[in-house]
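Visitor: I would like to learn how to read the features of a model like this one. Could you walk me through it, step by step?

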Amino acid sequence: MSDDGDKQVSNEGALKEKLVRTKQQWAEDGRLITGNPDEEQRDRLPPGQRLVTNWPVLDLGIQPNIEQTDWKIEISGSVENPLSWSFDDLMSQPQFESVSDIHCVTAWSRYDNHWQGVSAQHILSLVHPAKDAKHIIFHSYDGYTTNVTLERFSHEDVLLAHSWEGSRLTREHGAPVRVIMPRWYFWKSAKWIKKIEFCSDDQAGFWEVRGYHNEGNPWTEERYS
Ligand SMILES: Nc1nc2c(c(=O)[nH]1)N[C@H]1C(S)=C(S)[C@@H](COP(=O)(O)O)O[C@H]1N2
Ligand SMILES: [Mo]
């Protein structure tokens, strides 16, 4: 073996080592981000988001204090059978459970949230949206509103949640009942829900009129309009 050959071999060795170190660092970073280094897990975090394990609170500076016994929801507008439920009425409906990830537009995501409540699909089966119903606006006890399409509300993972991780929602997170729209930035998930209004025309909600995107898909980063 010539000196040149040896040199080339050792250079190659150094290059590979550097490559391995870099890849290992990516894997470590991936593990920090996702809690799991494999590719599938890394794809779970939408672009521009960072994973948190706590659950941050975001509101307008008002956290309405609504006793379970005082809470009422109205589901009305362009529907054949409008309804009004107390908390007991909600609890006497078929109960639904789902697990989903939260993606907040302020760039935090939280995985594997276990929700319990009543599914949007069950609600739709009771109220029967009218033919012209295409949009929904959520109205909350703090004056907050947000809009979604009927099609998105109809998705099988959407629910009115009363519990998270096996316990009732706390006041700060929207007790007694909030909406959960798992596929969209979390501002679409109205806390302290008071009314679900079905409409033929779209109406921009609280953040939507203040520069947030009308749709809010985290995977295409529909953050601001
Ligand atoms: N009624 C109501 N719902 C709301 C809000 C609000 O201010 N009022 N904030 C929205 C925003 S911007 C986010 S990110 C989530 C925050 O929910 P959390 O505080 O449970 O994390 O609630 C959404 N739903
Ligand atoms: Mo948000």
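Guide: Happy to! Let us begin with a polar contact between side chains: the side chain of Arg44 reaches that of Asp112 at 2.9 Å. Keep in mind throughout that this is a predicted model.

Visitor: What other side chain makes a polar contact with the side chain of Arg44?

Guide: That of Asp101, at 2.8 Å. For a pair like this, the idea is to look for N or O atoms within 3.5 Å. It also helps to place the residue in the chain: Arg44 belongs to the loop between helix 2 (39-42) and strand 1 (50-51).

Visitor: And where is Asp112 found?

Guide: In strand 5, which spans residues 108-119. Its backbone deserves a look as well: phi at Asp112 is positive, about 55 degrees, although the residue is not a glycine.

Visitor: While we are on the backbone, which peptide bond is cis?

Guide: For that, one reads omega. The bond from Ala175 to Pro176 is cis, with omega near 5 degrees. Pro176 is placed in the loop between strand 9 (167-168) and strand 10 (178-180).

Visitor: Now for the empty space. How do I read a cavity, and how many of 30 Å³ or more are there?

Guide: A cavity is space where a probe fits but cannot get out. Here the count is 1 cavity of 30 Å³ or more. The largest cavity holds about 40 Å³ of space. Its lining includes Asp101, Trp115, Met181 and Phe186, so Asp101, the partner of Arg44 in a polar contact, turns up again.

Visitor: Which strand gives the largest share of that lining?

Guide: Strand 4 (residues 96-103), with 4 residues. By class, the lining of the largest cavity has 7 nonpolar, 3 polar and 1 charged residues.

Visitor: How do pockets compare with that?

Guide: A pocket is an open set of points instead. The largest pocket contains about 350 Å³ of space. It is lined by 23 residues, and those closest to its centre are Leu58, Asp59, Tyr144, Phe186 and Trp187. Sorted by class, the lining of the largest pocket comes to 15 nonpolar, 4 polar and 4 charged residues. Phe186 also lines the largest cavity.

Visitor: What is the volume of the second largest pocket, and which residues line it?

Guide: Its volume is about 170 Å³. Among the residues lining the second largest pocket are Ser98, His103, Asp157, Arg183 and Trp219. The classes there are 3 nonpolar, 3 polar and 3 charged. Asp101 is in this lining too.

Visitor: Where does ligand 1 sit?

Guide: In the largest pocket. To read a binding site, start with the shell of residues, then go to individual atoms. The shell around ligand 1 has 20 residues, the closest being Pro56, Asp142, His173, Arg178 and Lys191. By class, that shell has 13 nonpolar, 3 polar and 4 charged residues.

Visitor: Which side chains bring polar atoms to ligand 1?

Guide: Three to look at are Trp55, Ser140 and Arg178. An N or O atom in the side chain of Arg178 is 2.7 Å from an oxygen atom of ligand 1. A polar side-chain atom of Trp55 lies 3.0 Å from an oxygen atom of the ligand, while for Ser140 the partner is a nitrogen atom of ligand 1, at 3.2 Å. As for cover, ligand 1 has 530 Å² of accessible area on its own, and the protein covers 98% of that.

Technical notes:
Residues are numbered from 1 along each chain as its sequence is written. Chains are lettered from A and ligands numbered from 1 in the order in which they are written. This is a predicted model: local features need pLDDT of at least 70, side-chain atom pairs count only at pLDDT 80 or more; totals for chains, interfaces and linings use all residues. Side-chain values use heavy atoms; hydrogens and water are left out. On a 1 Å grid over the protein atoms alone, a cavity is a set of points where a 1.4 Å probe fits but cannot get out, and a pocket is an open set with protein on both sides within 12 Å along at least five of seven lines; lining residues have an atom within 4 Å of a point. Grid points are joined across faces, edges and corners, and a volume is the space filled by probe spheres set on the points. Ala, Val, Leu, Ile, Met, Phe, Trp, Tyr, Cys and Pro count as nonpolar, Asp, Glu, Lys and Arg as charged, and the others, Gly among them, as polar. A residue is near a molecule or strand if one of its heavy atoms lies within 4 Å of it. A polar contact is a pair of N or O atoms within 3.5 Å; within protein, one must be able to donate a hydrogen and the other to accept it, and residues adjacent in sequence count only if both atoms are side-chain atoms. Accessible areas come from the Shrake-Rupley method with a 1.4 Å probe; for residues, only the protein chains shown count as cover. A molecule sits in a cavity or pocket if more than half of its atoms lie within 2 Å of its grid points. Helices (H or I, at least four residues) and strands (E, at least two) are DSSP runs, numbered from the N terminus.
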